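Work through the exercises below with the structure open. Try each task before reading its solution.

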Amino acid sequence: MSRLLYILNGPNLNLLGKRQPHIYGHETLADIEANCRRVATAHAFDVRFHQSNREYELIDWIHEARETAAGMVINPAAFTHTSVAILDALSMCEFPIMEVHISNIHKREAFRHHSYVSAVASGVIAGCGGQGYELAIERLATLLAEAQK
Ligand code: DQA
């Protein structure tokens, strides 16, 4: 079985650390990537970690993952609330998908309460800051181990 995880990040997450720290904290995306790699390595996973401000690029990575990955962590950022195209791409993936939001989207504006992606996610983590990514990887490790039994 593949031990490859795709960790995808949507628009504006490249500015983490500078972007509204009262909402998103002080961690940069590079900090989050380093923590993801540490947790993934502990579970013998390889990681492809990407961020894009462009919807099509995220979709291309989902298509790529479809062929090779064992699981995915995705924070689609604002595309969470708008993108049927990302939902459609994720719908073609057979591996478990963990949706992550750094902030608690349910505590924020009403337009953030709906997620297109949740319809195909195995689980959703919101409001746990950058640690949410680590929790999502732990969950994927559990789901993939259970699937092998
Ligand atoms: C986000 C929440 C989204 O509503 C927002 O558009 C983002 C980041 C989060 O991680 O909390 O860009 O996905």
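Three exercises on the ligand and its surroundings follow, based on a predicted model.

**Exercise 1. List the residues around the ligand and sort them by class.**

Solution. Start with the neighbours: Arg-19, Tyr-24, Asn-75, Ala-77, Ala-78, His-81, His-101, Ile-102, Ser-103, Ile-105 and Arg-112. Next, sort them. The shell holds 5 nonpolar, 4 polar and 2 charged residues.

**Exercise 2. Find polar contacts to oxygen atoms of the ligand, then state how much of the ligand the protein buries.**

Solution. Apply the cut-off: a pair of N or O atoms must lie within 3.5 Å. Take the side chains. Arg-19 places a polar side-chain atom 3.0 Å from a ligand oxygen. For Arg-112, a side-chain N or O atom is 2.9 Å from an oxygen atom of the ligand. Then check the backbone. Ala-78 has a backbone N or O atom 3.3 Å from a ligand oxygen. Finally, turn to area. The ligand alone exposes 330 Å², and the protein buries 99% of that.

**Exercise 3. Locate the ligand relative to the cavities and describe the lining.**

Solution. Search the whole structure: 1 cavity of 30 Å³ or more turns up. The largest cavity has a volume of about 150 Å³. Its lining comprises 15 residues, and the closest to the centre are Tyr-24, Ala-77, Ala-78, His-101 and Arg-112. Sort the lining by class: 7 nonpolar, 5 polar and 3 charged residues. Now place the ligand. The ligand sits in this largest cavity.

Conventions:
Residues numbered from 1 in each chain as written. Predicted model: local features only at pLDDT ≥ 70, side-chain atom pairs only at ≥ 80, totals over all residues. Heavy atoms only, no water. Near = heavy atom within 4 Å. Polar contact = N/O pair within 3.5 Å; in protein donor to acceptor, adjacent residues only side chain to side chain. Areas by Shrake-Rupley, 256 points an atom, 1.4 Å probe, with all protein chains shown as cover. 1 Å grid on protein atoms, 1.4 Å probe; cavity = no way out; pocket = protein on both sides within 12 Å on 5 of 7 lines; lining within 4 Å. Sits in = over half its atoms within 2 Å of the grid points. Nonpolar A, V, L, I, M, F, W, Y, C, P; charged D, E, K, R; others polar. Points joined across faces, edges and corners; volume = space filled by probe spheres on them.
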